[in-house]
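Hi,

Here is the structure I promised to pass along. Have a look at it first, and then read on for what turned up.

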Amino acid sequence: MRDVGRVLPRNDPRQYDDLADEWWRPDGVFAMLHWLARARAALVPPATRPGALLVDLGCGAGLLAPHLAGKGYRHVGVDLTRSALAQAAAHGVTAVNGDATAVPLVDGCADVVAAGELLEHVPDWRAAVAEACRLLRPGGLLVLDTLNDTALARLVAVRVAERLPTVPRGIHDPRLFVDDRELVAESARHGVDLRVRGVRPGVPGLLRWLLRQATGAPTPPAQAPRIVPTGSRAVLYQGRGVRATDS
């Protein structure tokens, strides 16, 4: 099991400075974030106009960037962690140091807002949703993924996951997990018709990845686990929604 070099409260943003060298290691502690970034990017269509803007809230080190290549967006990433933003900038992201609940960008600037594995880290997730919707232009697209506020999610994402060698202790605070029905309702309050579905890593790919982890063998990028839809939203879920156009 990996421990960071100092004892910090659960969900403390300083953990990401301690783990700065892990972001771009495909088999490191952020491996699943790579898998989720690819799945999130698959929800984003090619840009429909020159100069289209995608705002990536909680962008971390810019893991979404390689999967957006060729889609025609200017990729702006917003994050609190400067060490992560420096890496995002090195991967072509326009880095903005800021809070997801008070983004220093103008209303309606974004064609797409992405909020990947963000909401379960924000003390006021409703404020983050309001900001995401504020940033969207009419007809703009919101894509996200997060952990559900259920006993099963707390068991899987905290009690079980933190026993694995690739998951740092304390990375999540289960008190911040987000109920999918409340998220859909909150998005609707801000003019976004959000549709959600459960997702998970594909079992065969995950088992192969765990076996390689146990033996110390690297995982070729083409063989990394895929995130696939599942019938249950009880642990991890993905959302996609469009902001209503002005009447």
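Asp-193 counts as partly exposed, because its relative accessibility is 44%. Its salt-bridge partner is Arg-195, with the closest N and O atoms 2.9 Å apart. Arg-195, at 57% relative accessibility, counts as exposed. Please keep in mind that this is a predicted model.

Other charged pairs

A search of the whole structure turns up 16 salt bridges. One that you may like joins Arg-10 and Glu-162, where the closest N and O atoms are 2.8 Å apart. This pair ties together distant parts of the chain, 152 residues apart: Arg-10 belongs to the segment before α1 (14–18), and Glu-162 to the loop between α6 (151–160) and α7 (180–189). Arg-10 is partly exposed at 36% relative accessibility, whereas Glu-162 has a relative accessible area of 8% and is buried.

Two helices are linked as well: Glu-182 and Arg-126 form a salt bridge at 2.7 Å, N to O. Glu-182 sits in helix α7 and Arg-126 in helix α5, 56 residues apart. Both count as partly exposed, Glu-182 at 38% and Arg-126 at 35% relative accessibility. These two also belong to a network of salt bridges with Glu-186 and Arg-189.

The sheet

The 8 strands form an open sheet with mixed pairing, in the order β3-β2-β1-β4-β5-β8-β6-β7. β3 (94–97) and β7 (227–230) are at the edges with a single partner strand each, so one side of each has no neighbour in the sheet. On average, neighbouring strands are turned by 25 degrees against each other, direction ignored.

β5 (residues 136–147) runs parallel to β4, joined by 6 bridges, and antiparallel to β8, joined by 7. In the pairing with β4, Gly-116 stands opposite Asp-145. The chain passes from β4 through α5 to β5 in a right-handed β-α-β crossover. On the β8 side, Thr-146 has Tyr-237 as its bridge partner. Since 9 of its 12 residues are buried, β5 is largely enclosed by the rest of the structure.

A charge without a partner

Which side chain of opposite charge is nearest to Glu-117? It is Arg-40, 5.4 Å away, and Glu-117 is buried yet has no salt bridge. Glu-117 lies in the loop between β4 (110–116) and α5 (125–135). Leaving aside residues up to four places away in sequence, Glu-117 touches Leu-33, Leu-36, Arg-40, Asp-145, Thr-146 and Leu-236.

Best wishes

How values were computed:
Residues are numbered from 1 along each chain as its sequence is written. This is a predicted model: local features need pLDDT of at least 70, side-chain atom pairs count only at pLDDT 80 or more; totals for chains, interfaces and linings use all residues. Side-chain values use heavy atoms; hydrogens and water are left out. Helices (H or I, at least four residues) and strands (E, at least two) are DSSP runs, numbered from the N terminus. Buried means under 20% relative accessible area, exposed over 50%, partly exposed in between (1.4 Å probe, protein chains only). Lys and Arg count as positive and Asp and Glu as negative; His and the chain ends are not counted. A salt bridge is a side-chain nitrogen of Lys or Arg within 4 Å of a carboxyl oxygen of Asp or Glu. Contact means heavy atoms within 4.5 Å. Two strands pair if DSSP finds at least two bridges between them. Axes are lines fitted to C-alpha atoms, for helices over the stretch in contact, and angles run from 0 to 180 degrees between N-to-C directions. A crossover is right-handed if, with the strands pointing away from the viewer, the path from the first strand over the helix to the second runs clockwise.
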